[in-house]
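Q: I have a structure open and would like to learn how to read its features one at a time. Could you walk me through it?

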Amino acid sequence: MNQNEFISLVSPFKEKVYRLAKRLLISREEAEDATQEILVKLWNKNSDLSTFKSLEAFAMTITKNYCLDQLKSKRGGNITLNDTDFKSSDSGLEKRVEDYDSLYWVERCINKLPMQQRIIIQLRDIEQYDFEEMAKILDLSESTIRVSLSRARKEVRGFMIKAHNYGIK
């Protein structure tokens, strides 16, 4: 396998490897180093890469294990306990209740929209489809989808403002 073939193989999931490393290691620099190490490990196994059913899954597993090893070796001796580590979770509960309530209201607002706008919001904001994919699915132009999405978001925003400002002058 040559370098160009390797790059085309790892390009689709390279960013996912970085994001997983960043989530586990916190530091951007450590995540970049980890990503580089993972890519080197994959390059060293380039003759065996075709045997894996899912190269992306294999890379993510290597990333997870590498990051956990890094955390064990570097941070195991540096852990200190502070009283802030044991704060009450009451404020977290209040936040979760507020978030749940907001999600409930957003869902109610979305359900008031016309069917096409509901579908567009679902596909774009919840399912994370890009406009090109949505255009194929809905058999609409991308500009039509963008306009409809903008209008739907504006209506949801209006519903939410009404709900939150009810009775307030």
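A: Gladly! Let's start with one threonine: T63 sits in helix α3, which spans residues 55–75. Keep in mind that this is a predicted model.

Q: Is T63 buried or exposed?

A: Burial is read from relative accessible area, and under 20% counts as buried. T63 has a value of 0%, so T63 is buried.

Q: Which backbone oxygen lies 2.7 Å from a polar atom of the T63 side chain?

A: For a polar side chain, look at the N and O atoms around it. Here the backbone oxygen belongs to A59.

Q: Which residues does T63 contact, leaving aside its neighbours within four places in sequence?

A: Setting those neighbours aside, T63 is in contact with V17, L20, A21 and I38.

Q: How does T144 read, by the same steps?

A: Place comes first: T144 is in helix α7, residues 142–164. Then accessibility: partly exposed lies between the 20% and 50% cut-offs, and T144 has a relative accessible area of 35%, so T144 is partly exposed. As for polar partners, the side chains of T144 and S141 are joined by a polar contact of 2.7 Å.

Q: How do the axes of α6 and α7 cross?

A: For a helix pair, read the distance and the angle together. The axes of α6 (residues 131–138) and α7 come within 9 Å, crossing at roughly 100°. Angles of 65 to 115 degrees count as roughly perpendicular, so α6 is roughly perpendicular to α7.

Q: Which residues meet there?

A: From α6 come F131, E132, M134, A135 and L138, and they meet E142, I145, R146 and L149 of α7. By type, the residues of this contact divide into six nonpolar, three charged and no polar.

Q: How many disulfides does a search of the whole structure find?

A: A disulfide is a covalent bond between the sulfur atoms of two cysteines. The search here finds zero. You can still read cysteines by burial: C67 is buried, with a relative accessible area of 0%, and C109 is buried, with a relative accessible area of 2%.

Q: What does the protein look like as a whole?

A: Count the elements, then check burial and contacts. The protein has seven helices and zero strands, and from the N terminus on, its elements run α-α-α-α-α-α-α. Of its 169 residues, 22% count as buried. Finally, take the contacts between residues at least 6 apart in sequence: 59% of them join residues at least 24 apart.

Key: Residues numbered from 1 in each chain as written. Predicted model: local features only at pLDDT ≥ 70, side-chain atom pairs only at ≥ 80, totals over all residues. Heavy atoms only, no water. Helix = DSSP H or I, 4+ residues; strand = E, 2+ residues; numbered from the N terminus. Buried < 20%, exposed > 50% of the residue type's maximum accessible area, 1.4 Å probe, protein only. Polar contact = N/O pair within 3.5 Å; in protein donor to acceptor, adjacent residues only side chain to side chain. Axes fitted to C-alpha atoms, helices over the stretch in contact; angles between N-to-C directions. Parallel < 35°, antiparallel > 145°, perpendicular 65-115°, else oblique. Contact = heavy atoms within 4.5 Å. Nonpolar A, V, L, I, M, F, W, Y, C, P; charged D, E, K, R; others polar. Disulfide = S-S within 2.5 Å.
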